[in-house]
Amino acid sequence: MTRYILQRLLQMIPVLLGVIILAFVLNEVAPGDPAVLLAGGESATPEAVAKIREELKLDDPFIVRFADYFKKMVTEGNIGTSYKTRQPVAVEVAHRFPQTFKMAAISAIFASIIGITLGVLSAIKQYTFLDNLISMFSLVGVSMPVFWSSLLGILFFSIHLRLLPSSGFYTWQHWLLPCFVIGTSMAASVVRMTRSSMLEVIRQDYIRTARAKGQSERVVIFKHALKNAMIPVVTNIGMHFGVLLGGAVIIETVFVIPGIGKYITDAIRNRDYPVVQGSVLVLALVTCCVNLGVDLLYAMIDPRIKSQYRGMAKFKKKKRGLTEGGIR
Amino acid sequence: MPKMSTPAIEAFQKKQKARPRLAAGQGKENAESVSVPLWVESWRRLVRRPTAVLGMIIFLALVSMALFPSLIAPEGYDNQQFTRLFLPPNGQNIMGTDNLGRDVFSRVVYGASYSMRVGFFAVLSSCLFGGVLGSIAAFYGSRVDNIIMRFLDIILSIPSILLAIAITSVLGASLTNLIIAISVSDFPHYARIVRASILGIKEQEFVEAARAIGASDARIIFRHLLPNAMAPIIVQATVGLGMSILSCASLSFIGLGIQPPLPEWGTMLSTGREYIREYWWLVVFPGMFIMLAVFSVNLFGDGLRDALDPRLKR
């Protein structure tokens, strides 16, 4: 298992390297001169612009700047300094990431509880009124744009009922509405995945066996069926969680949440290249880690996968032993 | 001349007599399953599903809105009348009027063409690009496969909406750039699906047969492999159409897509958001149409997936 994790971590290196190059090139071809922006826009004097260009080494060739950036990142852990605030990107990201993480985690937990419960219910009551109702609602939920449901949420809970604040992320009242909106949209997708996965499992022979040996329906559904139906559901939740960590851009804009998504969109608008590069790199790292986490969760849920990892290690050991024996 | 009667013929005639006669319907069904192509069969299964038909009807209604907006909309999308600012929904303006006195319903109708155009062309280009890359990766395998898949991993590790935002901000906000941005962030999904389905069929005999008669690699990929891997691509394309419509609206909502005064649904929502406290109709109706478009595509896609599912075949 440890060997597998190490292997996966090593595999991340070329991907992250690719992301760094991609972000650097993308910023390079972006229109607009950051020096002009920093000097105060179109009205800036050429001297001021030249001074800033000199200061930020913007006149150096592309490859020199890239090498410099890469060296600083590897040796000092410096992923860039914001042109605008002159703050290190790593500090700003570390400050903002917990907000995004909190929102993503609460939404994911909410979505998992609601989504899995309704999905199981829908599957065991297949083709009944309840199943049709849940299926229809989940389809509507999947089709609703999150920014629209956020606006409807604000319209109803903040403006009409005056129950919840419409922006910010300070107290529990503030995060209730965004988490509810994201959670519902994510739950809709989890319901669909749980239902179809459960329906596939419920038809298997081992479920019939479990019923035949007199197990109670509760044990059959939750112990035998749900556990086997969890793999695609976990993948779905993991995927959403990864997207939320980096892509909750729209929600953060609507609810004015000082998270990492809003940080990046603001930076893109201000042409703050180092911020975009640094945060995209952090997000790619987070996405890779979430994917790895999901793969490891599989092993926890499914003993067959766990034994595969073990089997792989044993097989490699055995093979190594054999070759070493041969040499001797 | 005496009738020829060999033991073999006798045995055959006996067998024919002993064979149970087919019921009328059964015979027809058997004949159909032999002669009817898979696509016709899938289509028949599709139209038997009421939800899929409902999805198709809503979607066709939206497509006709996109194609002939001037026939459906009572006014032009930029008809400003300052005597009727912020009118709530009424008999004349069924979805009310906006901050410049324009009819919201007419703008929503004209807006359909932007969402549909972006959705359709984004799906088409990501399907083409992803399909070619995915089939090359699967067909050549080993090093080529490895390089292409790692390249896709890089793109997939950046959240797609973020990548689309970055690309539109680099290229500038316009309809074509929106299509490019959405296609670039979406094509890896198509490539992966095509690769997986081609890996499943590339060892089959018909590919070997094509190679044996001297077909070129390109011919094998485009004439033999891709048509046989079509079902999952079509399902993904349907789901992808909904996602592209959503991405288009999202990007326009944050100001990186279609710019006002053009009536794209996301752009309309973004403008309406400023007046949400007093004038709810500016937010509710454009959003409802985005949802309706994605909902219809999803309904149709669900039906299509079931109709094309090989496990449901007779």
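This is a short talk on how chains A and B are put together in one predicted model.

Okay, so keep in mind throughout that we're looking at a prediction. Let me start with chain B by itself. It has 14 helices and zero strands, so if you read along the sequence you just get α-α-α-α-α-α-α-α-α-α-α-α-α-α. Of its 314 residues, 43% count as buried. And if you take the contacts in chain B between residues at least 6 apart in sequence, 69% of them join residues at least 24 apart.

Now the interface. How many residues of each chain are in contact with the other? On the chain A side there are 36, and they touch 32 residues of chain B. The elements of chain A that give two or more residues to that side are H1, H6, H7, H10, H11, H12 and H13. H1(A), which runs 2–29, has the largest share, with seven residues. By class, the chain A side has 29 nonpolar residues, seven polar and no charged.

Let me zoom in on one helix pair there, H12(A) with H8(B). Their axes come within 10 Å and cross at roughly 10°. Angles under 35 degrees count as roughly parallel, so H12(A) is roughly parallel to H8(B). Who makes the contact? From H12(A) we have A:Ile264, A:Thr265 and A:Ile268, and from H8(B) we have B:Leu162, B:Ile165, B:Ala166 and B:Ser169. That contact has five nonpolar residues, two polar and no charged. As a general reminder, an α-helix has 3.6 residues a turn, so residues three or four places apart point the same way. Have a look at the numbering of those contact residues with that in mind.

Staying with H8(B), which covers residues 160–171. We can do a quick sanity check on its geometry. At 1.5 Å a residue, its twelve residues should span 16 Å, and the end C-alpha atoms are indeed 16 Å apart, so the two agree. Is this helix covered or open? Mostly covered: ten of the twelve residues are buried. The buried ones are B:Ser160, B:Ile161, B:Leu162, B:Leu163, B:Ala164, B:Ile165, B:Ala166, B:Ile167, B:Thr168 and B:Ser169. Just after the helix, B:Gly172 takes a positive phi of about 100°.

Two of those H8(B) residues come back when we look at the nonpolar core. The largest core has 157 residues, and the ones with the most contacts inside it are A:Val190, A:Val276, B:Leu162, B:Ile165 and B:Ile290. The largest share of this core, 17 residues, comes from H14(B), residues 281–308. On the chain A side, take A:Val190. Leaving aside neighbours within four places in sequence, A:Val190 is in contact with A:Ala111, A:Ser112, A:Gly115, A:Ile116, A:Gly119, A:Val233, A:Asn236 and A:Ile237.

Another enclosed element is H13(B). Seven of its nine residues are buried, so the rest of the structure largely encloses it. The buried ones are B:Trp265, B:Gly266, B:Thr267, B:Met268, B:Leu269, B:Ser270 and B:Gly272. What do they pack against? H7 of chain A, plus H6, H12 and H14 of chain B.

The loop leading into H13(B) has something for the backbone people. B:Pro261 lies in that loop, between H12 and H13 of chain B, and a cis peptide bond joins B:Pro260 to B:Pro261, with omega about 15°.

A few more backbone spots. A:Tyr127 isn't a glycine, yet its phi is positive, about 65°. A:Tyr127 sits in the loop between H5 and H6 of chain A and counts as exposed, with 8 C-beta neighbours inside 10 Å. Similarly, B:Ser142 has a positive phi near 30°. B:Ser142 belongs to H7(B), residues 142–156, and is exposed too, with 7 other C-beta atoms within 10 Å.

Last one: B:Gly76, in the loop between H5 and H6 of chain B. Why do we call B:Gly76 partly exposed? Because there are 14 other C-beta atoms within 10 Å, and that falls between the cut-offs of 12 or fewer for exposed and 20 or more for buried. The C-alpha atom of B:Gly76 is 6.5 Å from that of B:Ser106, although the two residues are 30 apart along the chain.

That's my tour, thanks.

Definitions and conventions
Residues numbered from 1 in each chain as written. Chains lettered and ligands numbered in written order. Predicted model: local features only at pLDDT ≥ 70, side-chain atom pairs only at ≥ 80, totals over all residues. Contact = placed C-beta atoms within 7 Å. Helix = DSSP H or I, 4+ residues; strand = E, 2+ residues; numbered from the N terminus. Nonpolar A, V, L, I, M, F, W, Y, C, P; charged D, E, K, R; others polar. Expected span 1.5 Å × (residues − 1). Axes fitted to C-alpha atoms, helices over the stretch in contact; angles between N-to-C directions. Parallel < 35°, antiparallel > 145°, perpendicular 65-115°, else oblique. Core = buried A, V, L, I, M, F, W, Y, C linked by C-beta atoms within 7 Å.
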